[in-house]
Amino acid sequence: MTSGSDGGLTRRRLLGGAAAALGAWSLGGCGGIHGRRLEDLDPRVPALLATATSVDFHSHAAGASNARVPRFDLADHMRRGHLSAVCLCHSADGPVIHRPASGGRIRQYRDPAPGELHAHTERRLAFMDALVAQHGMTRVLTPDDLEMARAAGRPALIGNIEGCQFMEGHLERVAEVYERGIRHLQLVHYMPSDLGDQQTEDPRWGGLSPLGTDVVRECNRLGIVVDVAHGTFTLVQQVAAVTSVPFVLSHTSLARGPLTSYTRLISTEHARLMAQVGGVIGVWPNGSSFVDARDWVRGIARMVDAAGVDHVGIGTDMEGGVSEVWDDYADLPAVADLLLRQGFSPAEVGQLLGGNYVRVFRAAAATRRA
């Protein structure tokens, strides 16, 4: 299927409908995928996963955000599911945000102490270092590292930070975290940012701030993937005007109707903008948008209808403080099976599971300048 091709979309809808009708008995009415046996899945799945470089664009798995020690053996779950890599992240503003007990959206609830969020990031990067050392993972510093790890069957970790509050206004700290292994950087999160506006607060900057513009350019210089998740549509438009390479929106999903205030979801226009700039959108399996894993996969297909198959992937936000309808990498083969049942070809499923991210990663790395 080609991006934006009516013929391709029609073919996928026809194939997906037929496959769903034929395979409904084996998937169950709840759309659950946990523990699916490989022999019960589409016979093309093993070869697909053996050749695809699969990447979760955004994950807090195994306690990456705040656990003192890993909550589980992340590498083991990745091996069992044939997941090549995770963009493993922590939230730089984590110590100063929470969801009120009465409900509502996550917000900043106190001011950080001077140096607190920088120190928090240093501790979380050390956690990632230990995870790599103790669980037989590969720390990815270049796209070639990622491909070599996949070929060797070693689960890979792409260092990621969500929100740039660790900078505390110091641009040089972007280069510092690059030296510590970070290759993916999300500009804004929940704490109001001096880099630009986020979806969950009233705008302060009219999009990207002057410092945010400098950070995008510094990421381009260093070869870091820029992530506009949580950013407003205006911020994304302005990043598109500044950056020299494509970027990602790591975890969101399409709104099913008009956008509500402070939503983390995006419009079709927002999705199409990401496609126009060559970017990639990770579809987020959150329980507020989807009832189960099958519904999430249909959400991936809807995002493809909006942005094209070259511009969509997966961003789970696993252990990110929300309920997920897919929460175990060991079940990736069943996700691949569901995508095939939607009518995507094996090559297209490979793109959706990570190939599109690899393209952006390679483009970002190619811009690195001393």
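Q: In this predicted model, which residue stands opposite I281 in β10?

A: L249 stands opposite I281. The two strands involved are β9, residues 248-252, and β10. They run parallel and are joined by three bridges.

Q: How many residues of β9 are buried?

A: Five of its five residues are buried, so the strand is mostly covered.

Q: And β10: what covers its faces?

A: Look at the two sides in turn. Strand β10 spans residues 280-283. V280 and G282 lie on one side, and both are buried. I281 and V283 lie on the other side, and they are buried as well. Both faces of β10 are thus covered.

Q: Which helix belongs with β9 and β10 in a β-α-β unit?

A: Follow the chain from strand to helix to strand. The helix here is α9, residues 268-276. With β9 and β10 it makes a β-α-β unit that is right-handed.

Q: Where does the chain go from β10?

A: It passes through helix α10, residues 293-307, and reaches β11. This crossover is right-handed.

Q: How many bridges pair β10 with β11?

A: Three bridges pair them, in the parallel sense. Strand β11 covers residues 312-314. One residue match to find on screen is V283 with its bridge partner I314 in β11.

Q: Now pick one residue of helix α10. Is I300 buried or exposed?

A: Compare its relative accessible area with the cut-off: buried means under 20%. I300 has 1%, so it is buried. Its place is in helix α10.

Q: Which residues does I300 contact, leaving aside neighbours within four places in sequence?

A: I300 is in contact with V283, V312, I314, L339 and L352. V283 belongs to β10, and I314 belongs to β11.

Q: What separates the C-alpha atoms of I300 and G282?

A: They are separated by 8.7 Å. Along the chain, the two residues are 18 apart.

Q: How should I read a pair of aromatic rings?

A: Two values describe such a pair: the distance of the centres and the angle of the planes. In this structure the count comes to four aromatic pairs. One of them is F57 with Y357, at 5.0 Å centre to centre and 50° between the planes. That pair is tilted.

Q: Where do F57 and Y357 sit in the chain?

A: F57 is in strand β1, residues 55-59. Y357 is in helix α12, residues 346-365. The pair links distant parts of the chain, 300 residues apart. Both residues are buried. F57 and Y357 also form one aromatic cluster with F361.

Q: What are the distance and angle for W296 and W326?

A: Their centres are 5.5 Å apart, with 20° between the planes. This pair is stacked. W296 is in helix α10, and W326 is in the loop between β11 and α11. They are 30 residues apart.

Q: Why do W296 and W326 count as buried?

A: Because the cut-off is under 20% relative accessible area. W296 has 0%. W326 has 2%.

Q: Which charged ends sit over rings?

A: Here are two cases. The charged end of R105 sits over the ring of Y262, 3.8 Å from the ring centre. The charged end of R124 sits over the ring of F127, 4.5 Å from its centre.

Q: Let us try a loop residue. Where is Q165, and what does it touch?

A: Q165 is found in the loop between β6 and α6. It is buried, with a relative accessible area of 9%. Beyond residues up to four places away in sequence, Q165 touches A92, D93, L117, M191, P192 and S193.

Q: Step back to the whole chain. How many helices and strands are there?

A: There are 12 helices and 11 strands. The radius of gyration is 19 Å, close to the 21 Å that the globule rule gives for 370 residues, so the chain is as compact as a globular protein of that length. Its C-alpha atoms fill a box of roughly 60 × 45 × 45 Å along the principal axes.

Q: What share of the residues counts as buried?

A: Of the 370 residues, 58% count as buried. Contacts tell about sequence distance too. Among those between residues at least 6 apart in sequence, 73% join residues at least 24 apart.

Key: Residues are numbered from 1 along each chain as its sequence is written. This is a predicted model: local features need pLDDT of at least 70, side-chain atom pairs count only at pLDDT 80 or more; totals for chains, interfaces and linings use all residues. Side-chain values use heavy atoms; hydrogens and water are left out. Buried means under 20% relative accessible area, exposed over 50%, partly exposed in between (1.4 Å probe, protein chains only). Helices (H or I, at least four residues) and strands (E, at least two) are DSSP runs, numbered from the N terminus. Two strands pair if DSSP finds at least two bridges between them. A crossover is right-handed if, with the strands pointing away from the viewer, the path from the first strand over the helix to the second runs clockwise. Contact means heavy atoms within 4.5 Å. Rings of Phe, Tyr and Trp (its six-membered ring) pair if their centres lie within 6.5 Å; planes under 30 degrees apart count as stacked, over 60 as edge-to-face and the rest as tilted. A charge sits over a ring if NZ of Lys or CZ of Arg is within 6 Å of the ring centre and within 35 degrees of the ring normal. The radius of gyration is taken over C-alpha atoms; the globule rule is 2.2 Å times the number of residues to the power 0.38.
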